[in-house]
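Grab a pencil and work through these short exercises on one model. Each task comes with its solution, one step at a time.

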Amino acid sequence: MTDTTRDNALAVIVLAAGQGTRMKSAVPKVLHRIGGRPLVGHVLDTAIALEPERVVVVVRHERDLVAEAVVKAVPGVVVVDQDEIPGTGRAVEVALDALGDFTGDVLVLSGDVPLLEADTLEALVRTHRDRAVAATVLSASLDDATGYGRVIRDADGAVSRIVEQKDATADEASVTEINAGVYVFQMQALRTELALVGTANAQGEKYLTDVVALLRGDGLLVAAQAAPDAAAALGVNDRVQLAEAARVLNARTVRRWQLEGVTILDPATTWIDVDAKLAPDVTVLPNTHILRATVIASGALVGPDTSLVDCEVGEDATVTRTDATLAVIGAKATVGPFAYLRPGTYLGDKGKIGTFVETKNSTIGEGSKVPHLSYIGDTTIGKHVNLGAGAITANYDDLAKHRTEIGDEVHSGSHNVFVAPVRIGDGAKTGAGAVIRKDVPAGALALSVAPQRNVEGWVEKNRPGTGAADVAARARSAQKADDGAQEEDR
């Protein structure tokens, strides 16, 4: 009936219209993330790797959210809306309208199957073309096929139809070869048969799978090719499967970086997003998360217990027990343990952000150190500065943020507060406990310490009956006795 000759052009249709009720989420299923990208983003990345002539994504549930994510992932992709007619068959039908006069092969992918690799899909398309069939189905064999459509073969082993779980007989439900929801079709054959698909089934939907039986009824051949990794061919339908997909993807990512020369001591507790980049001779210690577009240069040591989000780590830097987002860490710099680097932190080469230090929107110059127990916000620090323990740049006056500027070679005492806006000149010093409210000239020593005053007997008078008062009274009595004995000796 249908001419199955074709050119080598390939179009990809991605189905992303479903709600995903089993996720029990306000977030559309295809927008749940693994490896730093939404599920549909992984599918689109794989599709683009095939270099198709056209890509069409079908959306419906939370249409605007999904469309925005799709266009962000692949600018220029065609987004089409599924109408009120439910089912994968209808989704593909509206996508075909968007393809217009395209006459090549059509690869149909599901937006919730993120683990399929380009090699698997290339092999599927190649098999489809080599066999000159009207359609080719990606299948997988599962010990427990519950919930999946079954691939039903005839006595000769050829694919005769696909039966959805809810429509399967007992014999059909016992089949363990499942439909992975990935297909290659000859365009004209698909157009012709989709027009004949109805909704007389248990779910009242227009099934794409019904096309298989219609093709066979017209005397056309349908092939099925088993996925090399059955787990990778399965969709994500609930949070359990989402976590498992994340684990599989992460294991692939970690292994890839290990083969590229990165030392990862404990792959099971190391999570690396797909957009992160690590150079050879990086060392990653256990329980470390390297997320989003983080870049780590050669020789750096990261971890343990560290989370880096969209950060840059320079050569030979050390980052230990640290939480950092949108921060830049220079070469041979050290961070942590227990440091918190908020967006806008820039630490220069050989600099230090130490224990229990929080930084935000601040530049810390080459060789400068903020060793411990400090908050540095909206601050510019020059080169070779040392801030004492407990330094605070007080950047907020309840109305607006203000900056602190600290010049080169400045050394501050412990427990200093710099009340912004304020500038500390090059080479200046500040005394312990100083509260700096005015600019400090270069080379000056800034002090704000009042003379110490001791009020004798205050505890006994104001806290009578307490343990402190009792021991103070005894100490004062002993001191008086000692003073009296010394006076007699004189």
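**Exercise 1. Place histidine 372: how accessible is it, and what does it touch?**

Start with accessibility: histidine 372 counts as partly exposed because its relative accessibility is 36% (buried is under 20% relative accessible area, exposed over 50%, partly exposed in between, with a 1.4 Å probe and protein chains only). Before going on, note that this is a predicted model, where local features need pLDDT of at least 70, side-chain atom pairs count only at pLDDT 80 or more, and totals for chains, interfaces and linings use all residues. Residues are numbered from 1 along each chain as its sequence is written, and side-chain values use heavy atoms, with hydrogens and water left out.

Next, find the element: histidine 372 sits in strand S29 (residues 369-377); strands (E, at least two residues) and helices (H or I, at least four) are DSSP runs, numbered from the N terminus. Then list contacts (heavy atoms within 4.5 Å): setting aside neighbours within four places in sequence, histidine 372 touches Thr355, Phe356, Val357, Gly388, Ala389 and Gly390. Finally, check the record: an unreviewed UniProt entry annotates His372 as "active site", given in the numbering used here with a shortened feature name, and such annotations may be inferred rather than shown by experiment.

**Exercise 2. Is serine 412 buried or exposed, and which backbone atom does its side chain reach?**

Serine 412 has a relative accessible area of 10%, so call it buried. Its side chain gets to the backbone nitrogen of glycine 388 at 2.9 Å. Gly388 also shows up among the contacts of serine 412, including Asn386 and Phe418.

**Exercise 3. Find the edges of the open sheet.**

First write the order: nine strands run S14-S17-S20-S23-S26-S28-S30-S32-S35, with parallel pairing (two strands pair if DSSP finds at least two bridges between them). Strand S14 (277-278) and strand S35 (422-424) are the edges, since each has a single partner strand and so one side without a neighbour in the sheet. For a look inside, S26 (residues 346-347) and S28 (residues 363-364) pair over two bridges, and tyrosine 346 partners threonine 363.

**Exercise 4. Where in the chain do aspartate 378 and lysine 360 lie?**

Their side chains meet in a salt bridge at 2.7 Å, N to O (a side-chain nitrogen of Lys or Arg within 4 Å of a carboxyl oxygen of Asp or Glu). Aspartate 378 is in the loop between S29 and strand S30 (379-381), while lysine 360 is in strand S27 (residues 352-360), 18 residues apart. Aspartate 378 is buried at 6%, and lysine 360 is buried at 11%.

Note on methods. Polar contact = N/O pair within 3.5 Å; in protein donor to acceptor, adjacent residues only side chain to side chain.
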